[in-house]
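Ready for some practice in reading a protein model? Work through the exercises below with the structure open beside you, and try each task before you look at its solution.

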Amino acid sequence: MGYIAYVSTKDGDSLAVRKLPNGEKIDSLINGTEVNVNSEPVYAGNRNWVQIGTNRWVANEFLTIIKGARVVANRSSKTIGGGLRVYETRLIDSRNQVVNTVRGISGRVNKQTPSDIAGSQTPLPFGIYTFNYPGIVEFKGGEFGGVWSPVTPTFNTGRSEIGIHYDPSALLQNANSGTAGCFATPTVEEKDTMTKFIRAYKPTHFIVYEG
């Protein structure tokens with residue numbers, strides 16, 4: 001057996017990885033992290049545990065399986081636009097096939113540490129978000145680059161009014177480069193790729209993590 005799941009904690013906390021079911025803690029995974037589950041659940045310590053690697057077990061209740069189309073953004077160490085961290089973003093259909101890839105950015109260029117604080121202009125917190133209107137890309141001008149798809153976090157956070165759009169300032173390399181806290185594609189070509197995917201495949205979830 002084997003399937004993909006995502007770390008999903010209500011408070012956005014990290015998830016403990018243990019050497020054995022209910023055993024010694026050896027690592028932790030941030031909210032939203034994609035994992036490959038390769039075992040049936042094993043009951044121990046009043047919880048079900050699943051294996052995600054050799055001697056690596058996590059509590060099954062803190063994993064979410066997403067069967068529909070989704071946008072999965074993995075924050076990398078690469079930077080563009082004078083310091084914006086690049087999110088390597090996969091556009092995945094309901095058969096778990098990668099349809100396309102784009103780059104994403106989030107937060108202002110001089111504020112690149114994710115935060116739960118409203119109005120901080122930092123990158124959006126790691127975790128799972130749901131699309132408010134799957135398949136819909138609205139028009140929104142100015143800094144939003146003409147496209148807007150709102151998303152809602154599935155975990156507790158002070159952040160709100162989050163969406164996916166295009167950022168015309170991403171590559172300008174000035175103090176306003178980046179977003180005020182949303183997630184954006186940095187070029188027109190990547191904007192068009194994202195827009196076509198959202199409209200055609202109607203993704204239900206947006207996942208952000210750092211792997």
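**Exercise 1. Find the partner of a serine side chain, then describe the surroundings of S177.**

Step 1. Start with the side chain of S177: one of its polar atoms lies 3.2 Å from the backbone oxygen of S169. This is a polar contact, that is, a pair of N or O atoms within 3.5 Å; within protein, one must be able to donate a hydrogen and the other to accept it, and residues adjacent in sequence count only if both atoms are side-chain atoms.

A word on what you are looking at: the model is predicted, so local features need pLDDT of at least 70 and side-chain atom pairs count only at pLDDT 80 or more, while totals for chains, interfaces and linings use all residues. Residues are numbered from 1 along each chain as its sequence is written, and side-chain values use heavy atoms, with hydrogens and water left out.

Step 2. Place the residue: S177 sits in the loop between β14 and β15 (178-185). Strands (E, at least two residues) and helices (H or I, at least four) are DSSP runs, numbered from the N terminus.

Step 3. Check its exposure. With a relative accessible area of 0%, S177 is buried. Buried means under 20% relative accessible area, exposed over 50%, and partly exposed in between (1.4 Å probe, protein chains only).

Step 4. List its contacts (heavy atoms within 4.5 Å). Neighbours within four places in sequence aside, S177 is in contact with G81, L84, G107, R108, V109, S169, A170 and L172.

**Exercise 2. Follow the chain from S177 to R108 and describe R108.**

Step 1. R108 belongs to strand β11 (residues 98-108).

Step 2. Its relative accessible area is 9%, so R108 is buried.

Step 3. Beyond four places in sequence, R108 touches L84, Q121, E143, A175, N176, S177, G178, T179 and A180.

Step 4. Compare sequence and space: R108 and N174 are 66 residues apart along the chain, and their C-alpha atoms are separated by 9.5 Å.

**Exercise 3. Which residues touch the most other members of the largest nonpolar core?**

Step 1. Recall the term: a nonpolar core is a set of buried Ala, Val, Leu, Ile, Met, Phe, Trp, Tyr and Cys residues joined through side-chain atoms within 4.5 Å.

Step 2. The largest one has 23 residues, and Y129, F183, M194 and F206 touch the most other members. Two or more residues come from each of β9 (70-80), β10 (84-92), β12 (127-131), β14 (162-166), α1 (188-201) and β16 (205-209).

Step 3. Take F183 as an example. Among its contacts beyond four places in sequence are A73, Y87, L124, I164, M194 and F206.

Step 4. Another core lies apart from this one; its 11 residues include V35, V37, I52 and L63.

**Exercise 4. Describe two aromatic pairs.**

Step 1. Learn the rule: rings of Phe, Tyr and Trp (its six-membered ring) pair if their centres lie within 6.5 Å; planes under 30 degrees apart count as stacked, over 60 as edge-to-face and the rest as tilted. The count comes to 6 aromatic pairs.

Step 2. The ring centres of Y129 and F206 are 5.8 Å apart and the planes meet at 40 degrees, so this pair is tilted. Y129 is in strand β12 and F206 in strand β16, so the pair ties together parts 77 residues apart in sequence. Both Y129 and F206 are buried.

Step 3. F197 and Y201 make a stacked pair, with 5.0 Å centre to centre and 25 degrees between the planes. Both lie in helix α1, 4 residues apart, about one turn of the helix. F197 is buried at a relative accessible area of 3%, whereas Y201 is partly exposed at 39%.

Step 4. Finally, Y87, Y129, F155, F183 and F206 form one aromatic cluster.

**Exercise 5. Step back: how many helices and strands are in the protein?**

Step 1. The protein has 1 helix and 16 strands.

Step 2. Of its 211 residues, 48% count as buried.

Step 3. The C-alpha atoms fill a box of roughly 55 × 35 × 25 Å along the principal axes.

Step 4. Among contacts between residues at least 6 apart in sequence, 56% join residues at least 24 apart.
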